[in-house]
Amino acid sequence: MANLLRIGERGKQILRTLFDNGPLSSATLRAVIEPKMTVRKMNGAIRRLRVLGLVRSRHTSVKHCAGRYHELAAGQGHRILLSEVLGIPLAQFKTIPGGTEALEHWQDCTVWAKRLRAIFPDAKVVRDFELARNAALLSRTRLTAQEGDLLPD
């Protein structure tokens with residue numbers, strides 16, 4: 001089925017960025033995707049991914065952060081398609097915890113992660129939800145799975 005979908009490299013790049021970082025605004029996507037995309041190109045790519053059912057919109061209830069965010073579609077059929085398109089095992093597709101109040105935090109963490117990767121190219125930048133996805137990674141920290149909300153970015 002994924003072979004029938006026509007998704008360009010930029011579309012795959014957007015999908016991978018959303019998988020790696022969780023819900024992001026168009027502005028944050030433009031800030032972290034290289035090479036840079038114009039507002040028009042980004043909006044067009046997001047629109048195509050939404051029509052294919054791979055991306056959905058999400059809005060925040062926090063007034064000062066009002067806006068639209070984009071996230072990967074969460075249905076099982078959508079995740080199977082995303083798994084095939086991105087070449088990521090289906091078991092790694094887990095919902096990133098947090099409500100709408102966390103959306104702005106994710107934007108900041110995404111930009112900081114990009115900066116840290118540029119400064120320390122040999123280091124691994126680990127986000128809190130990555131620890132929840134990967135037991136082997138969590139075992140390399142001093143944290144336990146029971147500490148749940150205490151997992152730092």
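**Exercise 1.** Which residue does the side chain of Arg56 meet in a salt bridge?

*Solution.* Keep in mind that this is a predicted model. Start with the cut-off: the side-chain nitrogen of Lys or Arg must lie within 4 Å of a carboxyl oxygen of Asp or Glu. The partner of Arg56 is Glu71, with N to O at 2.8 Å. Next, place the two residues: Arg56 is in strand E1 (residues 55-59) and Glu71 in strand E2 (residues 68-72), so this pair ties together parts 15 residues apart in sequence. Finally, check the surroundings: Arg56 is partly exposed at 41% relative accessibility, whereas Glu71 is buried at 12%.

**Exercise 2.** Work out which residues the salt bridges of Glu34 join into one network.

*Solution.* Take the partners in turn. Glu34 pairs with Lys36, their closest N and O atoms being 3.5 Å apart. Glu34 also meets Lys114, at 2.6 Å from N to O. Lys114 belongs to helix H5, while Glu34 sits in the loop between helix H2 (26-32) and helix H3 (39-51), so the bridge links parts 80 residues apart in sequence. With Glu34 as a shared partner, the network consists of Glu34, Lys36 and Lys114. As for accessibility, Glu34 is partly exposed at 41%, and Lys114 is partly exposed at 26%.

**Exercise 3.** Find the residues that make the nonpolar surface patch of about 440 Å², and locate Phe120.

*Solution.* The patch is made by Trp112, Leu116, Ile119 and Phe120. Phe120 lies in the loop between helix H5 (103-119) and helix H6 (128-133). To join a patch, a residue needs over 30% relative accessible area; Phe120 has 48% and counts as partly exposed.

Terms used:
Residues are numbered from 1 along each chain as its sequence is written. This is a predicted model: local features need pLDDT of at least 70, side-chain atom pairs count only at pLDDT 80 or more; totals for chains, interfaces and linings use all residues. Side-chain values use heavy atoms; hydrogens and water are left out. Patches are made of residues with over 30% relative accessible area and no salt bridge: like charges are joined within 9 Å, nonpolar side chains (Val, Leu, Ile, Met, Phe, Trp, Tyr) within 5 Å. Accessible areas come from the Shrake-Rupley method with a 1.4 Å probe; for residues, only the protein chains shown count as cover. Helices (H or I, at least four residues) and strands (E, at least two) are DSSP runs, numbered from the N terminus. Buried means under 20% relative accessible area, exposed over 50%, partly exposed in between (1.4 Å probe, protein chains only).
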